[in-house]
Amino acid sequence: MTRAAHKDCWQAVALAADVGRRPKRILFEGAPVVLFRSDKGIAALFDRCAHRLVELSTGKVVGGEIECPYHGWRYDGEGRCTAIPGHVGELPRYRVRRYSAIERDGVVFISAGAPNSEPYLHCMQSQDVIVRRVHSSTQSTVIDAAENILDATHTHFTHKGLLRGLSAKRHIVRVEVTGGEGWVEACYTGEERQQGLISRLLEGERTKTIGRFRHPGIAELEYWGKGGLALATTFHLRQAGENIVEGVGWLIGPRQGGLGHLMALAFKPLFNIALQQDRKVLKSASDNARHAPQALPVIGPLDFLRRDIAAIMAGEMPPAALEPRVHHIEL
Ligand code: FES
Ligand SMILES: [Fe+2]
């Protein structure tokens, strides 16, 4: 995988519902980008007027073009300047940088390159599902946030009572780590049904749980029951700023069987509580990281995916692709 491949991939940046009549400013790879609705669909431009560098996102959308609030210059979805109010005669050719942008299943994806395929959405993509879309931001790094989502061993502490029971009872669980180009996953089997509130509400008997990381920053969890995949989350993470991770994702359940709508309704608020708990620990770690930055965090014996995620993010083959691993832990 080359750097060009990275540049040419889609990144989820916003919920489509959050880009309405007004333009929306986001940070993309450290640069401000304005999202708005042009007459050809969603558009993404460098959020800076070519004239005096004012933020275009503080202007408005007029006839599918974005109008700068300072002197009213307008730009179309391709970033071409289409109007300079007061100017008589031929228009000089000015432009601002444009990004590729598309909207799929309620989510806006953009790219600094020219992707030649559709974006990956979520792990139940071709099935009849109920989805809830979520957007959040956390003070952290993509690798720390992805690891947090996929890490089963923090749930006893960070999410005590929510994802885990209040008792300290643990069970031996088998963890199989496999991978390939651009992905790694850990499959947990032998887990008895978790005793936390979320599990009680949402699940029948659990047969396996899978945590997976995909290039470039996608973390997903799958909860499998007797009847198949019962519940899943897919989160697209990206480093929006030095210490800010933005996440756009789906909470997914099969439409048929199970608890259907009821489940989806109950899941989101509970998920939000878990998210707050995670944001708190991630912020604590992020704040603390600047003290003694030369002392790197330890990769402990239960941190199964850390090196693989780091390799994938660096465009390398994850170690698990060459050598699958099996661990036994108490969970
Ligand atoms: S700064 Fe945008 S029109 Fe002048
Ligand atoms: Fe968590």
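Which residues in α2 are buried? In this predicted model, the buried positions of α2 are V142, I143, A145, A146, E147, N148 and L150. The helix is thus mostly covered, with seven of its nine residues buried.

Helix α2, spanning 142-150, also takes part in the largest pocket, as does α5, spanning 260-289; each of these helices supplies at least two residues of the lining. The volume of this pocket is about 750 Å³. Its lining comprises 25 residues, of which D144, E147, A285, P297 and R306 are the closest to the centre. E147 therefore belongs both to the buried set of α2, since buried denotes a relative accessible area under 20%, and to the residues closest to the pocket centre. The largest contribution to the lining comes from α5, which gives five residues. Sorted by class, the lining holds twelve nonpolar residues, eight polar residues and five charged residues.

Helix α5 also carries a ligand of the metal site. The iron ion (ligand 2) is coordinated by NE2 of H154, NE2 of H159 and two OD contacts from D278, at 2.1 to 2.3 Å. The angles among the four donor atoms run from 58 to 144 degrees, and the site is irregular. For four tetrahedral donors the ideal angle at a metal is 109.5 degrees. The site is not classed as tetrahedral because that class requires all angles to lie between 85 and 135 degrees, whereas the angles here extend from 58 to 144 degrees.

Along the sequence, the donor residues of the iron ion follow the spacing H-x4-H-x118-D. Distant parts of the chain are linked by the pair H159 and D278, which are 119 residues apart: H159 lies in the loop between α3 (155-158) and β12 (172-180), and D278 lies in helix α5. Both of these donor residues are buried, H159 with a relative accessible area of 1% and D278 with a relative accessible area of 12%.

Elsewhere in the model, four strands form an open sheet with antiparallel pairing, in the order β5-β6-β7-β8. The edges are occupied by β5 (60-62) and β8 (81-83); each has a single partner strand, so one side of each is left without a neighbour in the sheet. Strands of a sheet pair through backbone hydrogen bonds, in either a parallel or an antiparallel arrangement. Strand β7, at residues 74-75, is joined to β8 by two bridges, and the two strands run antiparallel. Within this pairing, R74 stands opposite A83 in β8.

How values were computed. Residues numbered from 1 in each chain as written. Chains lettered and ligands numbered in written order. Predicted model: local features only at pLDDT ≥ 70, side-chain atom pairs only at ≥ 80, totals over all residues. Heavy atoms only, no water. 1 Å grid on protein atoms, 1.4 Å probe; cavity = no way out; pocket = protein on both sides within 12 Å on 5 of 7 lines; lining within 4 Å. Points joined across faces, edges and corners; volume = space filled by probe spheres on them. Nonpolar A, V, L, I, M, F, W, Y, C, P; charged D, E, K, R; others polar. Donors = N, O, S within 2.8 Å, 3.2 Å for Na, K, Ca; no water. Tetrahedral: all angles 85-135°; square planar, octahedral: opposite > 155°, others 65-115°. Buried < 20%, exposed > 50% of the residue type's maximum accessible area, 1.4 Å probe, protein only. Pairing = 2+ DSSP bridges.
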